[in-house]
Number of protein chains: 4
Amino acid sequence: MRVTDPPAPELSVEGRNMRRASNDEEKGKRRDEILSAAKTVFARSGFHSTTMADVAKEAGLSYGTVYWYFDSKEALFHALMDSEEMALRAHIGQSVIDNALANNDPEVALSAIKHAIRATLEFFENDRQAARLLFRDSLSLGDKFEQHLFGIYERFIGDIEVAIVAAQQTGRIRQGPPKMIAFSVAALIGQVALRRLVTDDELSSVVVADFIVDLLLNGLMPR
Amino acid sequence: MRVTDPPAPELSVEGRNMRRASNDEEKGKRRDEILSAAKTVFARSGFHSTTMADVAKEAGLSYGTVYWYFDSKEALFHALMDSEEMALRAHIGQSVIDNALANNDPEVALSAIKHAIRATLEFFENDRQAARLLFRDSLSLGDKFEQHLFGIYERFIGDIEVAIVAAQQTGRIRQGPPKMIAFSVAALIGQVALRRLVTDDELSSVVVADFIVDLLLNGLMPR
Amino acid sequence: MRVTDPPAPELSVEGRNMRRASNDEEKGKRRDEILSAAKTVFARSGFHSTTMADVAKEAGLSYGTVYWYFDSKEALFHALMDSEEMALRAHIGQSVIDNALANNDPEVALSAIKHAIRATLEFFENDRQAARLLFRDSLSLGDKFEQHLFGIYERFIGDIEVAIVAAQQTGRIRQGPPKMIAFSVAALIGQVALRRLVTDDELSSVVVADFIVDLLLNGLMPR
Amino acid sequence: MRVTDPPAPELSVEGRNMRRASNDEEKGKRRDEILSAAKTVFARSGFHSTTMADVAKEAGLSYGTVYWYFDSKEALFHALMDSEEMALRAHIGQSVIDNALANNDPEVALSAIKHAIRATLEFFENDRQAARLLFRDSLSLGDKFEQHLFGIYERFIGDIEVAIVAAQQTGRIRQGPPKMIAFSVAALIGQVALRRLVTDDELSSVVVADFIVDLLLNGLMPR
DNA sequence: AATGAATGAGGATTCATTCAT
DNA sequence: AATGAATGAATCCTCATTCAT
């Protein structure tokens, strides 16, 4: 699945109404503004400590307007999670593709894994708000959000799994349950990204990514 | 304290004045009962969705009583985190020591790592509530709890680090930044424990633990 | 604002959405309605025995609405004190000026004192709720309110002091510390107003005021 | 009425019980300790902000013990008001009598008034806690306490009235309604005492008392 | 589309009082 | 007499959501 596809627009009731001065493009723009404001305030204070008034204020809109674009606070957060997942996958996908094209690497599969790791850490490094939203807030919101988050996780792991299987087929990676391997890779990346939120590691994300890649490929045993 | 012990059965039909704690021992017992009840309901619904009335009801007490033992909902949760950390460390410590003694292993350091991983997964396998509390709810409660959780994490990683250093000194593990290695180990364990909360993996925790140990030691590259 | 005006009658059977304040004028009006309702219930039962629900009910509003206009119960009471002070000062000021103009009195200073006393007693006679609020409840609310009340007191005494000094300069009043004299005058007025809350003196406030004026001017000694 | 009479002991149920090791004297002592502690904490924080736990702690007693001596928080406060009234009247009575005996003053009536004023201010000067209790807290507690306070006030005024009448009969004070005069005297004293709670007047209570006496006797008019 | 006043359910916390010990 | 654990009614305040304008 390619998440870079545009999401199905949430035409609820107004979809069938007359064409007005402000078109869909305008509407999407306003929606994105709210989403952006929501990201800022949710990342700052967490889901429960953030009020819809905070969101509205940050967006420079009035109180009830947010409800014109989103049905509820929860719906807003789900939309935010979708948005972040898309951004993440766009970033990784682009990175992997760029790399494959640039290097014309015959060992694309292994290379893809390396670059996915680097790109993921890079993404969360550049957008710490995204890391907070996905790794911290999403976990605290009850079952519905947990399901959503694990959906994201599944898709993320699924993509890695594809690369793992490919790498195994070319013999670049030893045999083993690809799902579990993929999960392990994702786990390491996620935890590292989360940890970097709260500690001030002096190491750059490139160094950390390379360490993880090395660890995963070569293990801890002395060679 | 053994957290894996089944909770004290809830005496439901006692007269309301029969439950009076009278001495220090009784008092500590009552406190533990509340802690146990809190663990159950917090793990079930999460911190924010759980009310103090829920805690009291689960404990079979009036909810003013909970405030006799804990100053606030937050204080109760902090106490719960402390309690879980102690239980976890007791479980791991015991497990490592038991293993060292039982096997009289000259390669204690490496063995300790393996067994710590197994013991940790075992602990969370046996006490899924603990996993929910530590890996999910703790992250949603603002800075104070985040600090507390990362304190627990630091201590956990610190213990692993000791074992890593020891294993490096005996040449059983290749050189490299022990802190980062320890963190990677902890990250894998934590994510695995968390994941097992929501998926019904058919694999036992022993199998998973062994996979992780193998992955960490040997890496993904073909040998 | 005239506090002696009868409160706006409570429209009781309006639909709940009819009471929506729409513009600034309406908004100030709604605020005043809440203030008026608060005055009634606080004067009836005292600060601590009055709940915000009582205020809302008296105002015919839902009690979340009170919080739309006032940040807290304390803020509401402070606003009430401000409002009463303004009303009192408006009443006295008007009275003094009216008198000076009407009589074209060359001994304005002495006359002003007499009339300030009369006007103050008159004010509290007409608005016993105000007397309860200022003299009774304000004292029971801790330091912040005590400070507020004494601020009001200081300003009240300050005004009297000005008149005292003027009367001393024209020789109509003997020398002596004007602040202390002013305070004594204020003390007598305040206590008289307070006392009239609980006893049913048959005497009119005019008679009482004249007695006080006479007492203050001539003292108790036989002439 | 002489309030220096001992209060009727509050023998509720235990009065008829067997004579135990601790006698009535002991019991009264403990009761007084609680009263003293209550005075301290009520004066410090006010009635509503003080809990029975505060009282118990200040008295060095356990939580429920206070209830063995007083039926309720309100009963405790009423007892405190009684106690303070007795102390005040004892102080004034003693002072007046001492003065009359010492000076063998033929103008005892006028002298008594002067000395009552001085003694009262002195009392509240020496015991600011008493002033806070009577002038501040008593007013904020609803009708029952208001009635109690005005009873104290009535008795206080009544005593002054007696002296006023006597002074009028000996011609030392001009004619006029003695009750109203007495009230005015009491009002001035009370307000002065209250004011001295919150301002740091540099003047001693003797100077203030003399000013009030002079003001009352001679008035403000130039002689 | 946008506004913001109004609603009211919900929840943490306090504290006077009771009562078994 | 004294203790202090237990109770639960009471209350302030928050905030998601609605809806007239």
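This passage looks at the make-up of chain A and then at two cavities in the structure, which is a predicted model.

Starting with chain A, the fold is helices and nothing else by way of regular elements: 9 helices and 0 strands. Read from one end to the other, the pattern is simply α-α-α-α-α-α-α-α-α. Of the 223 residues in chain A, 49% are buried. Contacts tend to reach across the sequence, too: taking pairs at least 6 apart, 69% join residues at least 24 apart. The accessible surface of chain A adds up to about 11,100 Å², with carbon and sulfur atoms accounting for 52% of that.

Now for the empty space. The largest cavity holds about 440 Å³ and has 29 lining residues, with A:Q191, B:F135, B:Y153, B:G190 and B:Q191 nearest its centre. Chains A and B both pitch in: α6, α7 and α8 of chain A, along with α5, α6, α7 and α8 of chain B, each give at least two residues to the lining. The largest share comes from α8(B), with 7 residues. Sorted by class, this lining is made up of 22 nonpolar, 5 polar and 2 charged residues.

The second largest cavity, at about 280 Å³, involves chains C and D. Its lining counts 20 residues, and those nearest the centre are C:Q191, C:L194, D:L139, D:Q191 and D:L194. Two or more lining residues come from each of α6, α7 and α8 in chain C and from each of α6, α7 and α8 in chain D. By class, the lining of the second largest cavity splits into 16 nonpolar, 2 polar and 2 charged residues.

Terms used: Residues numbered from 1 in each chain as written. Chains lettered and ligands numbered in written order. Predicted model: local features only at pLDDT ≥ 70, side-chain atom pairs only at ≥ 80, totals over all residues. Heavy atoms only, no water. 1 Å grid on protein atoms, 1.4 Å probe; cavity = no way out; pocket = protein on both sides within 12 Å on 5 of 7 lines; lining within 4 Å. Points joined across faces, edges and corners; volume = space filled by probe spheres on them. Helix = DSSP H or I, 4+ residues; strand = E, 2+ residues; numbered from the N terminus. Nonpolar A, V, L, I, M, F, W, Y, C, P; charged D, E, K, R; others polar. Buried < 20%, exposed > 50% of the residue type's maximum accessible area, 1.4 Å probe, protein only. Contact = heavy atoms within 4.5 Å. Areas by Shrake-Rupley, 256 points an atom, 1.4 Å probe, with all protein chains shown as cover.
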